[in-house]
Structure formats: C-alpha cells, structure tokens
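Q: I am new to reading protein structures, and I would like to learn how strands and helices are described. Could we go through some features one after another?

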Amino acid sequence: MAVVKLEDLGASVSGLGRMPVVRQVAAMVGVAAAVAIGVAVALWAQRPPMVPLYGSLAAQDAAEVAEALRQAGASFRLDPATGAILVPEAKVHELRLRLAEAGLPRGADTGFELLDQQQGFGTSRFIEQARYQRALEGELARTISALASVESARVHLAVPRPSVFLREREEPSASVLVRLRPGRTLERPQVDAIVHLVASSVPGLKASRVKVVDHKGRLLTRDESGLAGLSTRQLEYQKAVEERYAERVRQLLAPVVGADGVRVQVAADLDFTATEFTRESFDPQRSAVRSEESSEEVSGGAEPAGVPGALSNQPPAEPELVPGAQPVSPPEQSPVRNSARRVVRNYEIDRTISHVREPVGRISRLSVAVLVDDRVVTREDGTTARQPRTPEEMERITALVRQAVGFDQARGDTVSVINASFQPPAAPEPLPEPALWERPWVWALAKQVAAAALILLLILVVLRPLVRGAAQAGAAPPPAPALPPGAGGAAQPAQLQGPQPQRPASFEEQLGAAQTVASQDPKRAAQVVKTWLASDG
C-alpha cells in the first residue's frame with residue numbers, strides 16, 4: 001500500500017512538472033490554501049473555549065492584568081471588539097485567585113494615594129482642596145464596595161465654601177451610587193449604615209442630606225421629612241412587632257404540631273401618639289412644722305369707755321324702783337386689761353412633681369389567629385390517617401398562644417385558634433432536562449466533528465482532484481504526433497503511435513501536427529525526440 005502511495009506521489013510530482021505554468025501556480029496556491037485552512041481548523045478545534053476574565057476593566061487595570069498574565073505564562077487574548085481579556089474557561093477561577101493574591105485589579109477609584117503624587121510648584125489652594133475631596137470620595141467608594149452585596153460604588157460630595165456670615169452658610173451634601181451584585185439587594189439597615197458611614201466621614205454633613213441610589217435608578221434612602229417618613233417608619237415598626245409575636249407562637253407550637261402544621265398571623269394596633277405631661281401632687285397626711293413664730297402683748301389700767309361724744313358725758317338716769325324688788329348695787333369697777341397673742345407656724349407639706357413622657361408605639365390591641373393542622377396517626381396496617389384534634393388539645397394550644405403573646409383582656413386582645421386539615425403540598429416538578437444541544441460536551445463534540453468534516457471536505461474537494469490530475473498527467477504522457485514511416489525508425493513505442501486514423505494522413509498534415517505540438521508543448525516534443533534517439537541507439 002505504501003509503494004502505491006509513493007508511486008502515486010512520484011507520478012503526481014512528475015505530472016505537475018508537465019503542466020503549464022499557470023496551472024502549476026494555481027495548483028500550488030490551491031494546495032497551500034487547503035493546507036492552511038486545514039491547519040487553522042485543526043487549531044480552532046483544539047483551542048479551549050475562552051471567556052472574559054473580568055466584566056469591565058479600566059485601561060490601566062487591563063494593562064496590569066495582561067502583564068501579570070504574561071509573566072505567569074498563562075494563555076490569554078484580547079477581544080478586539082470589546083477590549084476584554086479572554087482566558088480559557090477551565091482556568092478562569094484559578095487565574096482570578098492568582099490575580100487577587102497579587103492585588104489585581106486595583107480598581108479605578110483613587111484614594112488618599114492621590115495626595116502622594118508630586119505636585120507642581122505654585123499649586124493653588126483650590127486645586128489642593130479639590131484633590132483632597134477627590135481622594136476622600138475614592139476612599140469612601142472603596143469602603144462601601146467592601147460590602148458583600150455591593151460590586152462597586154461612586155461617591156459625590158458637595159462641600160460648599162465656608163462663609164463668615166451665618167445666613168450665607170450652606171450645609172454639605174453627598175450622593176452615593178452603588179452597583180449591586182447580580183441577585184443581591186440592600187436591606188434597610190444596610191442603606192442606613194451607608195448613609196451614616198458617609199455622614200460620619202465628612203465634617204458637618206448630616207445623615208438627612210445623604211442620598212443613596214442603586215444602578216437601576218431607584219432611591220434607596222427614605223424621606224424623613226413630613227408625614228411620609230413617619231408613616232414609613234411606623235409601618236416598618238408595626239411589621240416588625242407582628243413578625244416578632246408570630247415567630248414566638250411558631251417556635252412554641254412547632255415541637256407540638258410540627259413546623260409545617262401551624263400558620264400564625266398577628267395584627268397589632270399600635271399607638272404612635274407622643275404624649276408628655278407634668279403633674280404636681282400634695283399629700284396632706286404627711287406634713288411637718290418647718291418654722292414657728294409667736295408674739296404676745298398685754299396692757300392694764302382704767303380706760304374710758306362708751307361712745308365718744310356729748311351724750312356719753314351725761315350722767316345716767318335715775319333707776320326706777322319696782323315694788324317688791326331689792327335695790328341692786330352697782331358693780332365694782334375693775335381695772336381694764338388688754339392682751340394680744342399671735343402665733344405663725346410654717347408647715348412643710350409632701351409635694352411631688354413628675355414629668356411623664358409616654359412611649360411611642362405602645363400596643364393598644366393584639367389580634368392573633370392560629371391555624372393548626374390535623375393530627376397524623378399511623379394505623380395498624382402501616383398507613384397514615386388524619387384525625388381532628390380534641391377540644392382538650394385545642395384548649396392547651398390556646399393557652400400556650402395566650403401566654404406567648406402576653407394576652408391582656410383589659411386592652412381587648414383576642415386569640416383565635418382553629419383546627420383544620422391542611423392540603424398536602426404539591427410535589428415539586430422535576431427540573432427540566434436541558435436539551436441535547438444545550439449541554440457543554442455536545443458543543444465540544446460538534447466542534448470536533450465540524451473541524452473533521454471541514455478538513456475531509458478540503459481533502460476530497462481540493463487536494464484529491466489536484467493530486468489525481470497531476471498523477472494522471474505524470475502516468476500517461478500525451479500522445480506524440482504520427483510521423484511518416486521511416487522518419488523516426490521502425491521501432492516506435494506504442495504510446496507515441498496514437499490512435500490509427502480511418503484514412504492515412506498526408507505528409508503535410510503530419511508535419512503540421514508535429515509543428516503544432518512542438519510549439520504548444522516544447523517539453524513534450526523534446527521527450528518524444530529523446531525517446532526516438534534512445535530507441536535508435
């Protein structure tokens with residue numbers, strides 16, 4: 001078999017030499033193009049799939065990453081359309097770990113290292129302040145990007161110039177743009193943490209003047225001004241209270257009825273009225289003498305009596321005697337004495353002054369609804385059945401729920417516990433099997449098959465016809481023109497005689513045919529003459 005191939009190869013080479021120059025060049029170009037395409041297809045089939053190493057990199061970071069990959073000897077290439085760095089899919093995680101160990105990529109944000117750059121002579125104060133503000137923005141962006149849910153962040157600070165006039169002073173403000181990782185969200189505590197982080201890093205910046213926006217354009221900070229902010233916080237607090245009470249009931253009943261055998265809903269009426277009052281009270285039963293002051297005045301001697309005036313100076317009238325009455329002697333005049341006494345006592349009375357501020361968000365009323373599943377029992381034959389719970393069980397469960405939520409009948413709390421049969425959960429549908437063409441190994445196999453088919457097509461369509469034509473040309477030389485008898489000797493090869501014409505050609509026709517062949521193909525004519533000389537010798 002190998003001998004036949006070598007003979008065919010030799011015949012092809014010799015046949016290629018007998019072709020015209022134009023056909024030789026075309027054949028050589030075709031063979032070279034076929035070989036180049038075949039090699040390219042083979043390399044494409046063996047090349048592993050390339051994926052981007054990072055989603056988007058700045059030009060400086062891309063240059064540093066490319067240099068690190070080049071020094072590590074890792075295979076990579078640059079996408080001419082997007083400029084992304086592509087690496088083999090099987091090594092993307094390993095290369096990312098290596099680059100992370102080297103501290104790459106560094107990121108486009110610039111922090112306080114901006115201040116280490118050499119400043120030109122005569123830099124103005126405005127440029128220094130702007131550079132410091134830019135460095136502070138970069139440091140804040142780096143800190144915010146350290147959160148697990150944040151992929152990158154940008155911070156913009158608006159710090160007005162200080163003014164000596166109080167009326168013209170403006171407060172600083174800040175805006176934060178965060179790009180979240182796929183499938184991640186920021187909870188309210190995380191947003192508040194970002195706001196207070198930025199507000200604490202800038203002197204004079206209040207938390208109310210910091211706004212946080214995500215990459216989808218949604219405002220994450222809540223408006224604290226007006227009733228809208230209060231209503232939002234009240235609803236969040238009410239929801240937290242209800243969830244806390246519901247979780248208490250679930251944790252208490254889960255060991256008894258099972259985690260899937262209880263459903264709890266709690267409605268809490270909260271009083272958000274802010275009330276403050278001051279009260280002053282006195283206790284009369286509790287008193288003590290604080291101080292006492294007493295004074296007494298006494299005066300003696302006869303003093304005039306009566307009403308002053310002319311009538312009081314007249315003598316008294318004669319008394320009239322009543323028959324049978326004894327005369328009465330006038331009373332003796334006693335000396336007149338005057339006395340005055342005054343006592344002042346100060347008492348200290350028990351006094352209480354209290355300033356009361358009632359808490360905001362007090363629970364005015366609780367309504368608890370609990371739904372309990374039936375009890376599952378196992379029969380003697382091993383099958384299971386559902387049975388309603390007994391009234392005694394329901395009373396115990398109700399008592400447990402009341403104790404868990406702190407039931408207070410005085411404020412109108414209600415607890416309702418109902419037993420019902422739950423519907424069995426539907427069996428989860430199996431995940432759909434990926435289609436055959438969606439599996440990675442199918443694409444890899446298809447790539448190999450396509451490369452083999454293309455190479456085979458090049459061999460059958462391009463190389464084989466060229467080789468076959470050259471082999472035929474080398475194995476069967478063209479017939480020589482028929483010459484008159486005796487012109488070239490009696491012994492002529494059978495190949496040079498050609499097909500015998502129906503009628504003998506004249507000498508002029510044979511000579512013209514020989515001249516035509518010699519002018520069109522000199523090499524072939526020389527070969528014929530060489531054959532004649534060899535046969536004559």
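A: Let us begin with a pair of strands, keeping in mind that this is a predicted model. In general, the strands of a sheet pair through backbone hydrogen bonds, either parallel or antiparallel. Here strand 5 (residues 173–180) and strand 6 run parallel and are joined by 5 bridges, and within this pairing Val178 stands opposite Asp214 of strand 6.

Q: Along strand 6, which side chains are buried and which are not?
A: Strand 6 covers residues 210–214, and its side chains alternate between two faces. Val210, Val212 and Asp214 point to one face and are buried, whereas Lys211 and Val213 point to the other face and are not buried. Asp214, the residue opposite Val178, therefore belongs to the buried face, where buried means under 20% relative accessible area.

Q: How many bridges join strand 11 to strand 12, and in which sense do the strands run?
A: Strand 11 (residues 375–378) and strand 12 (residues 384–387) run antiparallel and are joined by 4 bridges, with Arg375 standing opposite Gln387 in strand 12. These two strands form a hairpin with 5 residues between them, and in this hairpin Gly382 takes a positive phi near 95°.

Q: In what order do the strands of the open sheet lie?
A: The open sheet is formed by 3 strands in the order 1-3-2, with antiparallel pairing. Its edge strands are strand 1 (50–52) and strand 2 (77–78), each of which pairs on one side only. Strand 1 pairs with strand 3 (residues 85–88) over 3 bridges in the antiparallel sense, and the bridge partner of Met50 in strand 3 is Pro88.

Q: How do helix 5 and helix 6 cross?
A: Two packed helices are described by the angle between their axes and the distance between the axes. The axes of helix 5 (residues 125–145) and helix 6 (residues 188–201) come within 11 Å and cross at roughly 155°. Because an angle over 145 degrees counts as roughly antiparallel, helix 5 is roughly antiparallel to helix 6. The crossing of helix 5 past helix 6 is right-handed.

Q: Which residues of helix 5 and helix 6 meet?
A: From helix 5, Leu136, Leu140, Thr143 and Ile144 meet Ile194, Leu197, Val198 and Ser201 of helix 6. Sorted by class, this contact has 6 nonpolar residues, 2 polar residues and no charged ones.

Q: How many helices and strands are there in the protein chain?
A: The protein chain has 12 helices and 13 strands, and buried residues make up 21% of its 537 residues.

Terms used: Residues are numbered from 1 along each chain as its sequence is written. This is a predicted model: local features need pLDDT of at least 70, side-chain atom pairs count only at pLDDT 80 or more; totals for chains, interfaces and linings use all residues. Side-chain values use heavy atoms; hydrogens and water are left out. Two strands pair if DSSP finds at least two bridges between them. Axes are lines fitted to C-alpha atoms, for helices over the stretch in contact, and angles run from 0 to 180 degrees between N-to-C directions. Angles under 35 degrees count as roughly parallel, over 145 as roughly antiparallel, 65 to 115 as roughly perpendicular and the rest as oblique. A crossing is left-handed if the near helix is turned anticlockwise from the far one by less than a right angle, and right-handed if clockwise. Contact means heavy atoms within 4.5 Å. Ala, Val, Leu, Ile, Met, Phe, Trp, Tyr, Cys and Pro count as nonpolar, Asp, Glu, Lys and Arg as charged, and the others, Gly among them, as polar. Buried means under 20% relative accessible area, exposed over 50%, partly exposed in between (1.4 Å probe, protein chains only).
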